[in-house]
Amino acid sequence: MTRARLPELDWPLLLAALGLVLMGLLTVYSATSIPGAHQGLWMKQLVWFGLATAIAMVVAGIHFRIYDSLAWPLYSISLVLLVAVLLVGSSKMGARRWLDFGPVQFQPSELAKLATTFVLARFFDHSKIDLRRMRWWLPPLFITLVPFALVAKEPDLGTAMSFPAMLVAMYFWAGMSPGRLLLGLSPVFNVALFFLTGSVAWFAGLFATLLVFVRPRLAVLLLFVAINGVVAYETPHLWGRLHDYQKRRIETFVNPENDPYGAGYQIIQSKIAIGSGGLLGKGYLKGSQKALAFLPMRHTDFIYSVVGEEFGLLGALTAVLLYAVVIIRGYRLAVVARDGFASLLAVGIVTALFFHVMVNILMTVGWAPVTGVPLPFLSYGGTALIVNCVQIGLLQNVALRRRES
């Protein structure tokens, strides 16, 4: 008698993702239970989840080599859609991020993340690339910078930053040494250290130390000295080029109490909601910050604050634990997959998820600037939920074919 066997899915990853979706539906229901414009959105989210599940199952069933061959066409389409957003997209709260298709809105930046991951995985899987040579660094950098610039122009800086996060992880997974990776990231550290210290001296010392350990070729050395020199000169002028809302977000991040009824309002109310939840929370549907509408964007970017208020520290930690399972199992798939494209694909997908989770949760507790990044699986939003489920479908695709090479 032949025993029935379950398919070789990654079951811990799948169950953790389903747990997050269930928590998201419950929390969206609670966050939109107040009479008003958002009431009843949970039903639309449930419909989106049904559609997302069907698409994810199809995505998991198609061999990952098909995505390899379609990488460039999908990337080209995503760029066209990003340009279309800037030209004819709909605007909300000063940002132009969506394309309107009648009653349905579509956010092309989510598709662009997937398409960019496909192209980068295809490039890094090429047998001839040698990341010890700088000429191989540039194509993936250009591939990433184009969608990054278009998404940042919307403006959606939070989503835009997920592109370089994916690139750094895939550079490392493809074999770039940590020293060369740090050298490539040095202009970013240059800007960050200037804003943190107000001086270029700290960066100059660290950069000199890095050069001693990495010992790059003369041409590479001169190039990065020149780049960082230009960045050090331009950084003091960068502040003047930021939009007013971007300046307010940075100033609010440093000290939200400076403008408690303006730019600092969201962070202050979010911290109050999470802190008031205590260990066990106020109880499902009983959050006062949410019920009195003190908490803005409670069903989208700040949904984690509702989790903290109603389910307490235990509920918030449960969400973090479920995310940890998804991320750890995703990276494990990258390790065990024998095919290079599939392994790199898993790294890119999981890194994008990890970036969104980390930035959103740190934002809601006041440890990161407000960047408008939704929380995967929990925040209300059709495009994001579908793409998140497609990402799980792609990871299961890798799991099903992990032994193929």
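A residue counts as buried when its relative accessible area is under 20%, as exposed when over 50%, and as partly exposed in between, with a 1.4 Å probe and protein chains only. The model on the screen is predicted, so local features need pLDDT of at least 70 and side-chain atom pairs count only at pLDDT 80 or more, while totals for chains, interfaces and linings use all residues. Residues are numbered from 1 along each chain as its sequence is written, and side-chain values use heavy atoms, with hydrogens and water left out.

Select Phe-123 to begin, which is buried, with a relative accessible area of 15%. Add Trp-136, also buried, at 17%. Rings of Phe, Tyr and Trp (its six-membered ring) pair if their centres lie within 6.5 Å, and planes under 30 degrees apart count as stacked, over 60 as edge-to-face and the rest as tilted. The structure holds 10 aromatic pairs. In one of them, the ring centres of Phe-123 and Trp-136 are 6.2 Å apart and the planes stand at 50°, so this pair is tilted. Phe-123 sits in helix 5 and Trp-136 in the loop between helix 5 and helix 6, 13 residues apart; helices here are DSSP runs (H or I, at least four residues), numbered from the N terminus. If you then add Phe-124 and Tyr-171, you have a cluster that ring pairs link together with Phe-123 and Trp-136.

Move next to Val-151, which lies in helix 6 (residues 138-153) and is buried, with a relative accessible area of 0%. Leaving aside residues up to four places away in sequence, Val-151 touches Leu-82, Ser-109, Asp-156, Thr-159, Ala-160 and Phe-163, where contact means heavy atoms within 4.5 Å.

Finally, select His-356, Pro-374, Pro-376, Ala-384 and Asn-388, which lie nearest the centre of the largest cavity among its 14 lining residues. A cavity is a set of points, on a 1 Å grid over the protein atoms alone, where a 1.4 Å probe fits but cannot get out, and lining residues have an atom within 4 Å of a point. A search of the whole structure finds one cavity of 30 Å³ or more, and about 90 Å³ of space lies in the largest cavity, a volume being the space filled by probe spheres set on the points. Helix 5 (108-124), helix 15 (340-364) and helix 16 (382-400) each supply at least two residues of this lining, with the largest share, four residues, coming from helix 16.

Methods. 1 Å grid on protein atoms, 1.4 Å probe; cavity = no way out; pocket = protein on both sides within 12 Å on 5 of 7 lines; lining within 4 Å.
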